[in-house]
Amino acid sequence: TRLGLLVVLLTLATAVSARDRRVPPVTEPPEPPSPPELSVKGFTIRPGETHKGNVVQFAPSIAIEGTLDGDLYVTAQTVSISGVVTGDVFAAGSQVDVTGEIKKSFRAAAANVTVDGTIGDNVLVTGGSLILGSKAHIHGSVSAYTGQLTHHGVVGGSLTFTGGTAILGGKVLEDAALTADAIEIEPGARIEGDIDYSTRKPMDDELRVIAGGEVSYSESPVEQ
């Protein structure tokens, strides 16, 4: 099933992160319950509503506008969380947007993921792109295995990126490990800890400006 594929993808990415000695492994979220519910109309928790218990859904669209008091495990074309989820979130789809609050961890496998809200624990994303907007506040660490990462928010833990282009314009309060084709630095970028990076061309001078710790360049080639 697609939900099973989601779990495999997220587990694989977590294992890759754990093998990187530069960044501690991401905390494992709980296994999803079964069986999932199928819906042809989509699933919505409207503003002011509270749903108690876990939600496991295959649906065209998922919208959490109110409060979900539990975990969310979904596969949908679009997933939107503008309300509150008190537990963990697993999401697979084309577009996943979080502008509300997830009180625990967030795991997504999607073409495009945007976070412009609050995540209480770690974030793990695989897919096309991850955007951390200016209102994004991640209390844990972020691991992104995507074609592009755009960071304009605040990451309270460490940042791990493996992929195409990393655009840095936000804050990371611990270390960063970056393996990328290119790294772009925008005004407001700051990494309080060490930066361990690999790109096609060294850029130690540029990264030292935004680093609070040591900057280390790896000559290992970036895989295509």
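Select asparagine 122 and serine 141. The side chain of asparagine 122 comes within reach of the backbone nitrogen of serine 141, at 2.7 Å. This is a predicted model. Zoom out a little: asparagine 122 sits in the loop between β11 (118-119) and β12 (123-132). Is asparagine 122 buried or exposed? Asparagine 122 is buried, because its relative accessibility is 8% and the cut-off for buried is under 20%.

**Next stop: asparagine 112**

Select asparagine 112. Its place is in strand β10, residues 106-115. Turn on a surface: asparagine 112 is partly exposed, with a relative accessible area of 32%. Which residues does asparagine 112 touch, leaving out those up to four places away in sequence? Pick Ser94, Gln95, Val96 and Ser129. Now show the side chain of serine 129. The side chain of asparagine 112 makes a polar contact with that side chain, at 2.9 Å. For a check on the backbone, set a distance between the C-alpha atoms of asparagine 112 and threonine 78. They are separated by 9.9 Å, and the two residues are 34 apart along the chain.

**Into the core**

Stay with strand β10, residues 106-115. Select Phe106 and Val115. These two have the most contacts inside the largest nonpolar core, which has 52 residues. In soluble globular proteins, nonpolar side chains tend to be buried together. Expand around valine 115, setting aside neighbours within four places in sequence. Valine 115 is in contact with Phe106 itself, and also with Val98, Leu130, Ile131, Leu132, Gly133, Ala136 and Ile138.

**Aromatic pairs**

Show the rings next. How many aromatic pairs are there? The count comes to two. Start with tyrosine 73 and phenylalanine 90. Their ring centres are 4.9 Å apart and their planes meet at 20°, so the pair is stacked; the cut-off for stacked is under 30 degrees. Colour by strand: tyrosine 73 belongs to β6 (residues 72-81) and phenylalanine 90 to β8 (residues 89-98), so the pair ties together parts 17 residues apart in sequence. Tyrosine 73 is buried, with a relative accessible area of 1%. Phenylalanine 90 is buried too, at 5%.

Move to tyrosine 197 and tyrosine 217. This aromatic pair is tilted, with 5.1 Å centre to centre and 50° between the planes. Tyrosine 197 lies in strand β20 (residues 195-198) and tyrosine 217 in strand β21 (residues 215-217), so this pair ties together parts that are 20 residues apart in sequence. Check the accessibility of each ring's residue. Tyrosine 197 is buried, with a relative accessible area of 0%. Tyrosine 217 counts as partly exposed, at 26% relative accessibility.

**Last stop: the strands around β20**

Switch to cartoon and keep tyrosine 197 selected. Add strand β18, residues 176-185. Four bridges join β18 to β20, and the two strands run parallel. Which residue stands opposite tyrosine 197? Pick leucine 178.

Now look from β20 to β21. Three bridges join these strands, which also run parallel. Select isoleucine 195 and valine 215: valine 215, in β21, is the bridge partner of isoleucine 195. Then trace the chain onward from β20. It crosses through helix α2 (residues 204-210) to β21, and this β-α-β crossover is right-handed.

Definitions and conventions
Residues are numbered from 1 along each chain as its sequence is written. This is a predicted model: local features need pLDDT of at least 70, side-chain atom pairs count only at pLDDT 80 or more; totals for chains, interfaces and linings use all residues. Side-chain values use heavy atoms; hydrogens and water are left out. Buried means under 20% relative accessible area, exposed over 50%, partly exposed in between (1.4 Å probe, protein chains only). Contact means heavy atoms within 4.5 Å. A polar contact is a pair of N or O atoms within 3.5 Å; within protein, one must be able to donate a hydrogen and the other to accept it, and residues adjacent in sequence count only if both atoms are side-chain atoms. Rings of Phe, Tyr and Trp (its six-membered ring) pair if their centres lie within 6.5 Å; planes under 30 degrees apart count as stacked, over 60 as edge-to-face and the rest as tilted. A nonpolar core is a set of buried Ala, Val, Leu, Ile, Met, Phe, Trp, Tyr and Cys residues joined through side-chain atoms within 4.5 Å. Two strands pair if DSSP finds at least two bridges between them. A crossover is right-handed if, with the strands pointing away from the viewer, the path from the first strand over the helix to the second runs clockwise.
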